[in-house]
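Please look over the sequence and the model below. The paragraphs that follow go through one helix and then a set of charged pairs.

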Amino acid sequence: MPFGWREITARRPWRISAKLLIISSVVTVIGFSAVCINVMLDMRRGEEALARQTLENLATSIESDIGRNIEIYDLSLKAVAGNMLLPELATVSKTIRHLILFDHATTARHFGAIQVFDAEGRLIIDASTLDPLVENRSQEDYFTVHRDNPGAGLFISRPMLFRGAYSIVLSRRISDTDGGFLGVVAGSIRFSYFHELFERLNLDPEDTITVLRRDRTIIMRRPFDLDIIGTNLNDRRSWKADNLPAGASYSGQGPVDPTPRLYVRSGDSGPLFVVAGKPLAAVFALWQREAFRIGAVVLALALFVLGSTLVLAREIGRRAEAERKLEEMATTDALTGLRNRRKFDSVIDVEWRRAMRQKAPIALLMIDADHFKAYNDTFGHQAGDQVLVGIAICISDSVSRAGDCAARYGGEEFAVLLPNTSADDAFKVAEKIRLKVQGWSDDQTASTVSCGIASLVPAAGMDWPVLVAAADKALYAAKAGGRNQSVVASIPKLSRVA
């Protein structure tokens, strides 16, 4: 029977250690998996950030190119509108008038000829000919907006068929010196400019570039689709302008087609803005391949770790048990089960420094068995050992806080360290121990203890032997006063906490 019991108790620590090892391995695998997932998510965010930056640069570059050309063309419109007020125009020939009006006008193969319309919408001057055809554009929006709104500034029309080519019309108001409406100067930028601009870009087939007016009218889009050109996104109830403010990005289904994309919008620096889009499948294609590869490697490592854990659990459990026993032997008094002197010195050093940092009180009880030498000589060493064990049990029952430290200080003397404890509270603990010891012993083996108590707040330059010496002095006072009593040390020169 004893052999069986020893066998069971010998196996139990291994089982506990093995379980803890397995749990630790599982937690480790989960932790590594979490780290892996976090790394992959960071990679995903990195891919998205890179794609966003690329699209932002693309949108900004396109907007800058478009804005620069519109600005150059607008300067020509401003020059013509200003020159129309020159009184000399009425007296010179058509050829000279053309030189005055259009000498500095910008010309390019994608720019249409500048035209001037009077206050009734009639074409009166055309940069492409000295004898313009009879035309009236009084119903066109690029005319009416200036007629009805003197502060319209540069107006960009909806995409339209203008002079035989799909274009956008740029127009400005001509006003007299009093602000009266004299007419409109207008020009056009053909769609061929946008096609050529987009063809210079290295884009994937599913990438989109959309040029929009400030009122969210689509001016141009790649891939080109006439059914979409000229559409106003305000008419799309499923799409809100807040989804994509200026300079921001949006991931998901856009307003034009159902393909989920990452969209990036340029800023508000020009009359038109650009939205660049890239399918999310293309954005995360490389990341998906890397995530699959890393996931497979982590899975293989996890299986290896778990398998190795099961194999090594028994040996590691045995080693942990041996280390635990060695630690216990090194820090525990073999007779009483309390901390030994070596451990006590280590604990009081740590707690003293903590009390000094926190300016908190620290108390020490020095406890000594009364008449122990005589008792030991009378009843023998075994009986004396039983008394020491009993006192240790009484101390352990009275000291319950996690930070307290009860130790066998030497021979029949015990020490109890009470961090963050005043002298009055320490006295209560000492009395509790003393009364427990007194109540535990019987008439035949009556045993009592004397207690010395010291409590102070450590100050700079002090060391913990000061506290030990004060408690020892109080203990000697208790002995001299008749034993079986607790005495609080008087520490006049130190910071005593009452």
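Which residues are buried in H11? This is a predicted model, and in it the buried residues of H11 are Leu467, Val468, Ala470, Ala471, Asp472, Ala474, Leu475, Ala478 and Lys479. Several elements take part in covering them: helix H7 (341-358) is one of these, and the others include strand S12 (362-369), strand S13 (405-410), strand S14 (413-419), strand S15 (449-456) and strand S16 (486-488).

The length of this helix can be checked by simple arithmetic. Helix H11 has 16 residues, 465-480, and at 1.5 Å a residue it should span 22 Å, because the expected span is 1.5 Å times one less than the number of residues. The C-alpha atoms at its two ends are 22 Å apart, which agrees. Just after H11 comes Gly482, whose phi is positive, at about 120°.

One of the buried residues of H11, Lys479, also has a charged partner. Its side chain meets that of Asp370 in a salt bridge, with 3.0 Å from N to O. The pair links distant parts of the chain, since Lys479 lies in helix H11 while Asp370 lies in the loop between S12 and helix H8 (372-379), 109 residues apart. Asp370 is buried, as is Lys479.

Now turn to the salt bridges elsewhere. The structure holds 29 of them. In one, the side chains of Lys278 and Asp207 meet at 3.2 Å, N to O. This pair too links distant parts of the chain: Lys278 belongs to strand S11 (residues 272-279), and Asp207 to the loop between helix H4 (191-199) and strand S7 (208-213), with their positions 71 residues apart in the numbering. Lys278 and Asp207 are both buried.

Is the pair in helix H8 buried or exposed? Asp377 forms a salt bridge with Lys373, and their closest N and O atoms are 3.7 Å apart. The two residues are 4 residues apart in helix H8, so about one helical turn separates them. Asp377 counts as exposed because its relative accessibility is 57%, over the 50% cut-off. Lys373 is exposed as well, with a relative accessible area of 61%.

Salt bridges can also join into a group. Asp65, Arg68, Glu196 and Arg200 are linked in a network of this kind.

Key:
Residues are numbered from 1 along each chain as its sequence is written. This is a predicted model: local features need pLDDT of at least 70, side-chain atom pairs count only at pLDDT 80 or more; totals for chains, interfaces and linings use all residues. Side-chain values use heavy atoms; hydrogens and water are left out. Buried means under 20% relative accessible area, exposed over 50%, partly exposed in between (1.4 Å probe, protein chains only). Contact means heavy atoms within 4.5 Å. A salt bridge is a side-chain nitrogen of Lys or Arg within 4 Å of a carboxyl oxygen of Asp or Glu.
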